[in-house]
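Okay, thanks for coming, everyone. I'll put the structure up and then walk through it piece by piece.

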Amino acid sequence: TAHATDYAVSPKLPVNLKARLFANENPFGPSPAAKKAIMDAVTTSYQYPMRMIPELEAKICAHEGITPDMLMISSGSSPLLLGTAVSLLGSGGNIVTAETTYDDLPTRCEKVKAQWIKVPLTKDYTHDLDAMEKAITTDTKVVYICNPNNPTGTIVDADKLKAFCERVSQKVTVFVDEAYIDYLPDAGAVTMIRGVKQGQNIIVARTFSKVYGLAGLRIGYIVAPPAIIARLQPNTSCSWAALSAPAISGALASYQDKTYIQDTVKKTIESRQFLYDTLKAEGYSYIPSHANFVMFPLKMDGERFQEEMMKRGVGLRNWKMNNAHWCRISIGRMDEMQAFAAAFKELS
Ligand code: PLP
């Protein structure tokens, strides 16, 4: 499969799209407080950002009830996924993931010559935790769970995942990618950071790229037991070497800003409902989503659909899943969803 970001960085992608719905970004942008903090940080950005890093660490640690040795911040969560691949699978072994899920970590693992074991999703497109547990071999180093899952937008039952982590983390490291968790009504009740705090062998990844709207600034982090953080350190550019002052300032100004998060989620849900209504009206089904993107089955070739939509100024992604053609559409502003609807009606 193509790497997740291939399409997003494709030189063929026009810059002046009517609707930019291919990268699961938050089109409502950074919070007003974050924008101001970012602008202020530009003035002082001739300085290295050392002083600001402990400030952000302290904020995250206080909110999550963890210590700084359980935290690693980098320029997005992507470098930390790469660091995990190199550190935990660099000398071989395998990673178990769902099929279909976010493929960045397993793709990196394959690049360092580890094996990728894929376990089909259930009938309702969620992680099949029982089957994933059974797929673990003596060579397995990491099991990857993306919750909510990209690209299906589905979630796993929190109690089931908790029990899974408790059991499985005794054998292998469980990597829980919570990039989209802030779109859930109660992220605090669902996060597996609780397991990390109990000393379980879990890595939880978080990012400021999604609900916080800072994808272009590049900042994210992982929470893991100190021993895992220490293992990742030699292979991951983190702290002052990876972080820009505007990125840290934007993160500091918006982290856990409940009003801003609720507002973003509310607008996302409105646009998502508009999309559902559009799809229903055109006779299409979809996978109900818990995140800022939706998968729906196509009635034509996926590549062609993507191209035809692109010609109409709408960027989105096609996917092959269970040998069928699907579209993954990110949730945009209402004007973007309307642009999608207009173009879609021409094609369907
Ligand atoms: N994890 C998941 C599930 C994602 O969908 C993405 C980006 O789309 C990332 C991680 C990486 O995001 P970033 O490097 O911007 O934190």
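Let me start with a quick one: which residue in strand 5 does Asn94 stand opposite? That would be Thr140. Keep in mind that this is a predicted model, by the way.

So, where does that pair sit? Strand 3, residues 94–99, and strand 5, residues 140–146, run parallel to each other, and three bridges connect them. Both belong to an open sheet with seven strands, and if you go across the sheet the order reads 2-8-7-6-5-3-4. The pairing in that sheet is mixed. At the edges you'll find strand 2 (71–74) and strand 4 (115–120), each of which pairs on one side only. Going from one strand to the next, the twist averages 20°.

There's a helix lying on this sheet, too. Helix 2, residues 52–64, packs there and touches strand 2 as well as strand 8 (220–223). If you compare directions, helix 2 makes about 135° with strand 2.

Okay, on to another sheet. This one is open as well, with three strands in the order 9-12-11, and here the pairing is antiparallel. Strand 9 (293–297) and strand 11 (317–321) are the edge strands; each has a single partner strand, so one side of each has no neighbour in the sheet. Neighbouring strands here are turned by 30° against each other on average, ignoring direction.

Zooming in a bit: strand 9 and strand 12, residues 324–330, are antiparallel and joined by five bridges. If you want a landmark there, look for Phe296, which stands opposite Cys327 in strand 12.

Last stop, helix 13, residues 334–347. Does its length make sense? Well, what span should we expect for 14 residues at 1.5 Å a residue? The expected span is 20 Å, and the end C-alpha atoms are 20 Å apart, so the two agree.

Now, which residues of helix 13 are buried? They are Glu336, Met337, Ala339, Phe340, Ala343 and Phe344. Looking down the axis of helix 13, those buried residues fall within an arc of 155°, so they line one face of the helix. On the other side, Met334, Asp335, Lys345 and Glu346 are exposed.

And what covers the buried residues of helix 13? The cover includes strand 1 (19–20), helix 11 (258–281), helix 12 (302–311), strand 10 (314–315) and strand 12. That last one is the strand we just saw joined to strand 9 by five bridges.

That's my tour, thanks for listening.

Notes: Residues numbered from 1 in each chain as written. Predicted model: local features only at pLDDT ≥ 70, side-chain atom pairs only at ≥ 80, totals over all residues. Pairing = 2+ DSSP bridges. Helix = DSSP H or I, 4+ residues; strand = E, 2+ residues; numbered from the N terminus. Axes fitted to C-alpha atoms, helices over the stretch in contact; angles between N-to-C directions. Contact = placed C-beta atoms within 7 Å. Expected span 1.5 Å × (residues − 1). Buried ≥ 20, exposed ≤ 12 C-beta atoms within 10 Å, placed from the backbone. Arc of directions from axis to C-beta.
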